[in-house]
Amino acid sequence: MKEIELDLDLAQYIRNIPDFPQPGVQFKDITTLLKEGPAFRETIERLVGLFEDKEIELVVGIEARGFIVGAPLAYSLGCGFVPVRKAGKLPAPTLSKTYDLEYGSATLEIHRDAIEKGQKVIIVDDLLATGGTTRAVCEMVEELGGRIIGIGFVIELESLKGREKLSSYPVHSLIRL
Ligand code: AMP
């Protein structure tokens, strides 16, 4: 791969939207990073750098913003991409997992044949908050026999301690807020 300089302050491209989608939430908007070519490219390159020597076979991306980051990462690593989607979207037989959110619950699904036993997998999403979403995805990947080599996020909200829920895996984040 062509060498590019990795020296941007990626945090400055993240837009904070107070009280979205509900009062009290500081929403971290990555669209302001995605629309800047050099920043988007550097984001992907930095993630590639974290995993390129790990012989990864599959990148698992979490709907929807995990797809935006996960697909170019898989392409650059030369490995496959597996989507984890919200309930009812995947057409073939699925494994599903329901997990608790701050208010209510959510269900995620993955195709049962998406991962072969023993395959080396990384999981990616845009942001680590409480860790509940990624934890549910880890459980699904392992139930299908995947070996989780690492987990990558663009942003980590450190005060929410999501990392503690993922303590059995190497967790990497590019921007800590
Ligand atoms: P959690 O399960 O609490 O770690 O939440 C992670 C998921 O919710 C990710 O898919 C994020 O995109 C989304 N999310 C949670 N909190 C925020 C936030 N403050 N800003 C943007 N996205 C968020």
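Let's start with the walls of the largest pocket: by class, its lining has 15 nonpolar, 10 polar and nine charged residues. Keep in mind that this is a predicted model.

**The pocket**

How much space lies in the largest pocket? About 1200 Å³. The lining is made up of 34 residues, and the ones closest to the pocket's centre are Arg65, Leu101, Leu127, Ala129 and Thr133. Now look at which elements build the walls: β2 (26-29), β5 (94-100), β6 (105-111), β7 (120-128) and α4 (132-143) each bring at least two residues to the lining. The largest share comes from β7, which supplies four residues.

**Two helices that pack together**

Two packed helices are described by the angle between their axes and the distance between the axes. Here, the pair to look at is helix α2 (residues 37-51) and helix α3 (residues 65-77), which pack at an angle of about 55 degrees with their axes 9 Å apart. An angle of 65 to 115 degrees would count as roughly perpendicular and one under 35 degrees as roughly parallel, so α2 is oblique to α3. Their crossing is right-handed.

Which residues make the contact? From α2 come Phe40, Ile44, Leu47, Val48 and Phe51, while α3 offers Ile68, Val69, Pro72, Leu73, Ser76 and Leu77. Sort the residues of this contact by class and you get 10 nonpolar, one polar and no charged.

**Some backbone spots to find**

Next, follow the backbone through a few loops. Where does Pro21 sit? Its place is in the loop between β1 (15-18) and β2, and the peptide bond leading to Pro21 from Phe20 is cis. Another cis peptide bond joins Glu63 and Ala64, with Ala64 placed in the loop between β3 (58-62) and α3. Here are the omega values for these bonds:

| Cis peptide bond | Omega |
|---|---|
| Phe20 to Pro21 | near 0 degrees |
| Glu63 to Ala64 | about -5 degrees |

One more stop is Glu55, in the loop between α2 and β3. Glu55 is not a glycine, yet it has a positive phi of about 50 degrees.

Conventions
Residues numbered from 1 in each chain as written. Predicted model: local features only at pLDDT ≥ 70, side-chain atom pairs only at ≥ 80, totals over all residues. Heavy atoms only, no water. 1 Å grid on protein atoms, 1.4 Å probe; cavity = no way out; pocket = protein on both sides within 12 Å on 5 of 7 lines; lining within 4 Å. Points joined across faces, edges and corners; volume = space filled by probe spheres on them. Nonpolar A, V, L, I, M, F, W, Y, C, P; charged D, E, K, R; others polar. Axes fitted to C-alpha atoms, helices over the stretch in contact; angles between N-to-C directions. Parallel < 35°, antiparallel > 145°, perpendicular 65-115°, else oblique. Left-handed = near helix turned anticlockwise from the far one by under 90°. Contact = heavy atoms within 4.5 Å.
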